[in-house]
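This report walks through one protein structure. Keep the sequence and the 3D view at hand while reading.

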Amino acid sequence: MPLVSYGHALTLHAERKPDAPALVHEERVTRYVDLEQAANRLARRFAALGVGEGDFVTLGLGNGRAFVEALFACWKLGATPQPVSPRLPPAEREAILALVAPKLVVDAEIDASEESGEPLPDRVSRYRMAICSGGSTGRPKVVVDHIRAECDPQARFHDQPPGTSILVPGPLYHSAPLINCLSVLLGGGKVVAMTRFEPAESLRLIEQHRLALAIFVPTMMVRIWKLPREEREAFDLSSLARVVSSSAFLPEWLRREWIEWIGPDRVWEAYGGSERIVGTLISGREWLARPGSVGRVSEGRKIKIVGPEGETLPAGEIGDVYGLPPGGPGSTYHYLGAEPRRLADGWETLGDMGYLDEDGFLYLVDRRTDLVITGGANVYPAEVEGAIESHPAVVACAVIGLPDDDLGAVVHAIVQIAEPVTEQELRRHVEERLVRYKVPRSFELVREMLKDDAGKVRRAALRADRIAAREKAEKQGAA
């Protein structure tokens, strides 16, 4: 089928199956005809407020019908939606708005009931979306996706036919949840979205709606796995074709547990970024043959590992992961508020470190900015975090390096716990799993959330807070 605009794809589904469910959120079902008419009304309201083709529209909405209606309203005008978290601190929000200069900011549902729900003239947005990415530094930047807002409504998605179904438990202002939600809707399928992830509720929704796909971040998979076994296994997950992990590192122990639970052909992992300069996908069956890999590059992209002098490293050697899209440098995105990290030949990195095997399978170790060098040895926080998070009392963990006069840095673990546990118990747990120099010198037990809804942790900010607190304490002691 020839490509059609995102807006027209929605119109086609509304015409062909008007009563089919498009979105389910908090038990409220939105049919395709409802979504089509609401998006048309809202698009007319946006236009009356000055939005036109090529404009950015900032969406500060939570998961739900209003968010999805606003997305399609933008695309029906040829505009670009730019989602942000509705809980952004004011300073960060203002910094993003200064970068984007949107024509309109939508923070709440807009009443468009007086507008017509009839289709609008067909338009194609030049950029389908613009996604915020603070990265490990916390400095906001916006990734403007160069994909035009057009699609084949009959295309398969994750090897499922058009009309498939998916659970989206993560925030739609993040790239992976948004793209998965969008891809299923453009194929005329059913999206079940959660306001906020809850482990047992996610399994209940899969069972209730007989969902074929689910996209989780590793933190969610940890929380599901740590449900009481009898509770976890009481749900019927036989409808699932794939569970896809993305957005953060998936610890090896956790992948093995999920493979044993639901089978290797249903546990997948995706790696990439909103920039789309590199991307990989691997099944559980492939992973069992190559434990620790995140797969081979897809969609015509290229990948190489680069050493400290800019040299291309051979298989098995750790370095910086660089990618090149088939259209060349700058073909997949551009930044607002940042510059790409490119080599002279156009190859680009997202800041991750890893190595390739002889068959081109990628193995990630961590981000360059998060690497801890202690006594001359490299410690990759993701590996240590995975070991700590395998403890049943731990919800999440962030490992950072703190300055040390003797070793240069020492490994410090900030551990979010769900139930009482001692530092000694955690230390023994890690010592059974990692070589001695990787075991944290100190543990800090906390109850507050360490990772956001997308499973991201800002290690740089956590490190800066700890260093500042230590310096303050030293000054007070000296006084």
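What follows covers a small set of strands, a cavity, a pocket, some salt bridges and a strand hairpin.

The model is predicted, not determined by experiment on this molecule.

**A sheet of three strands**

Three strands form an open sheet in the order β7-β8-β19, and their pairing is antiparallel. Strands β7 (130–132) and β19 (333–336) are the edges of this sheet, since each pairs on one side only. Between neighbouring strands of the sheet the average turn is 25°, with direction ignored.

Strand β8 covers residues 142–145 and is joined to β19 by 4 bridges in the antiparallel sense. One place to look is V142, whose bridge partner in β19 is L336.

K141 is found in the loop between β7 and β8. Is K141 buried or exposed? Its relative accessible area is 15%, and the limit for a buried residue is under 20%, so K141 counts as buried. K141 and L336 are 195 residues apart along the chain, yet their C-alpha atoms are separated by 5.7 Å.

**The cavity**

How many cavities of 30 Å³ or more does the whole structure hold? The search finds 1. The space in the largest cavity is about 50 Å³. Its lining consists of R128, M129, I131, V143, D145, S175, I179, S274 and R276. Strand β8 and helix α5 (175–186) are the elements that each give two or more residues to this lining. Sorted by class, the lining has 4 nonpolar, 2 polar and 3 charged residues.

**The second largest pocket**

The second largest pocket has a volume of about 310 Å³. It has 21 lining residues, and those nearest its centre are R87, T195, R196, F197 and D453. By class, the lining of this pocket has 9 nonpolar, 5 polar and 7 charged residues.

**Salt bridges**

Side chains of opposite charge can pair when their charged atoms come close. The structure holds 30 salt bridges. The table gives three of them.

| Salt bridge | Closest N and O atoms |
|---|---|
| K76 and E36 | 3.0 Å |
| E53 and R123 | 3.8 Å |
| E348 and R342 | 2.9 Å |

Take the pair of K76 and E36. K76 belongs to helix α3 (residues 65–76) and E36 to helix α2 (residues 32–48), so this salt bridge ties together parts that are 40 residues apart in sequence. K76 and E36 are both buried.

The salt bridge of E53 and R123 also links distant parts of the chain. E53 sits in the loop between α2 and β4 (56–59), while R123 sits in the loop between β6 (104–106) and β7, and the two are 70 residues apart. What is the relative accessible area of E53? The value is 55%, so E53 is exposed. For R123 the value is 30%, which means that R123 is partly exposed.

E348 and R342 make up the remaining pair in the table. E348 has a relative accessibility of 3% and therefore counts as buried. R342 has a relative accessible area of 33% and is partly exposed.

Salt bridges can also be joined into a network. In this structure, D19, R31 and D34 are linked in this way.

**Strand β22 and its partners**

Why is strand β22 described as largely enclosed by the rest of the structure? The strand spans residues 362–367, and 5 of its 6 residues are buried, so the description follows from that count.

Strand β16 (residues 293–297) pairs with β22 in the antiparallel sense over 2 bridges. In this pairing, G295 has L362 of β22 as its bridge partner. Strand β21 (residues 348–356) also pairs with β22 in the antiparallel sense, over 5 bridges. Here D352 stands opposite R367 in β22.

β21 and β22 together form a hairpin, with 5 residues between the two strands. In the turn, G360 has a positive phi of about 85°.

Technical notes. Residues are numbered from 1 along each chain as its sequence is written. This is a predicted model: local features need pLDDT of at least 70, side-chain atom pairs count only at pLDDT 80 or more; totals for chains, interfaces and linings use all residues. Side-chain values use heavy atoms; hydrogens and water are left out. Two strands pair if DSSP finds at least two bridges between them. Axes are lines fitted to C-alpha atoms, for helices over the stretch in contact, and angles run from 0 to 180 degrees between N-to-C directions. On a 1 Å grid over the protein atoms alone, a cavity is a set of points where a 1.4 Å probe fits but cannot get out, and a pocket is an open set with protein on both sides within 12 Å along at least five of seven lines; lining residues have an atom within 4 Å of a point. Grid points are joined across faces, edges and corners, and a volume is the space filled by probe spheres set on the points. Ala, Val, Leu, Ile, Met, Phe, Trp, Tyr, Cys and Pro count as nonpolar, Asp, Glu, Lys and Arg as charged, and the others, Gly among them, as polar. A salt bridge is a side-chain nitrogen of Lys or Arg within 4 Å of a carboxyl oxygen of Asp or Glu. Buried means under 20% relative accessible area, exposed over 50%, partly exposed in between (1.4 Å probe, protein chains only).
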